Amino acid sequence: MGEVDLVNRDPNDLNSFARSLFEDTLGEPEGTHSIDCLWTNSSKCYNGGKKCCYLCLSTIMGLPAALCWGWMFAVLSFEMIWCFTPMVRFYKIELSAFKVLIKACVSVLCEPCCESCGKCLGNMKLSKG
């Protein structure tokens, strides 16, 4: 496991949908502008409040959330490795005999009919009426 990148914390762009800059959230259309100092201070309040709230929540809940997600992915990995993959392999082997039987039945029962229909309908010519 390598070092954690403290600058680019989303290198795979997992949370691009969660970007919430002031400019992406609030906007005043042309002809409907508040006074400049209100707009400037609104931006500062938005960014400051968002940062403060996020820091508080991530400080209090970050480690427990990371631990829970680690457990959940460990359980998921365990299920995939020790339960689902062997079960799928078991059923592939178990049902391979039925595959041969079904293939033979389709070959004997359906193939002659389909071949006959193909020969009959293959000589048809369509024309615009």
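**Two pockets and a helix pair**

Trainee: How do the residues lining the largest pocket divide by class?

Mentor: The lining has 6 nonpolar, 3 polar and 6 charged residues. Keep in mind that this is a predicted model.

Trainee: Which of the lining residues lie nearest the centre of the largest pocket?

Mentor: There are 15 lining residues, and Asp-10, Asn-15, Ala-18, Arg-19 and Tyr-54 lie nearest the centre. The pocket holds about 760 Å³ of space.

Trainee: What makes Asp-10 and Arg-19 charged, and Asn-15 polar?

Mentor: Asp and Arg are on the charged list. Asn is on neither the charged nor the nonpolar list, so Asn-15 counts as polar.

Trainee: Which residues line the second largest pocket?

Mentor: Arg-9, Tyr-54, Ser-58, Thr-59, Gly-62, Leu-63 and Ala-66 do. This pocket has a volume of about 210 Å³.

Trainee: Why does its lining count 3 polar residues?

Mentor: Ser and Thr are on neither list, and Gly is put with the polar ones, so Ser-58, Thr-59 and Gly-62 make up the 3. The rest are 3 nonpolar and 1 charged.

Trainee: Now the helices. Why is α2 called oblique to α3?

Mentor: Helix α2, residues 36-94, packs on α3, residues 96-122, at about 40°. Roughly parallel needs under 35 degrees, and roughly perpendicular runs from 65 to 115. The angle fits neither, nor is it over 145, so α2 is oblique to α3. The axes are 4 Å apart.

Trainee: Where do α2 and α3 meet?

Mentor: Lys-92, Ile-93 and Glu-94 in α2 meet Ser-96, Ala-97 and Phe-98 in α3. By class, that contact has 3 nonpolar, 1 polar and 2 charged residues.

Definitions and conventions:
Residues numbered from 1 in each chain as written. Predicted model: local features only at pLDDT ≥ 70, side-chain atom pairs only at ≥ 80, totals over all residues. Heavy atoms only, no water. Axes fitted to C-alpha atoms, helices over the stretch in contact; angles between N-to-C directions. Helix = DSSP H or I, 4+ residues; strand = E, 2+ residues; numbered from the N terminus. Contact = heavy atoms within 4.5 Å. 1 Å grid on protein atoms, 1.4 Å probe; cavity = no way out; pocket = protein on both sides within 12 Å on 5 of 7 lines; lining within 4 Å. Points joined across faces, edges and corners; volume = space filled by probe spheres on them.
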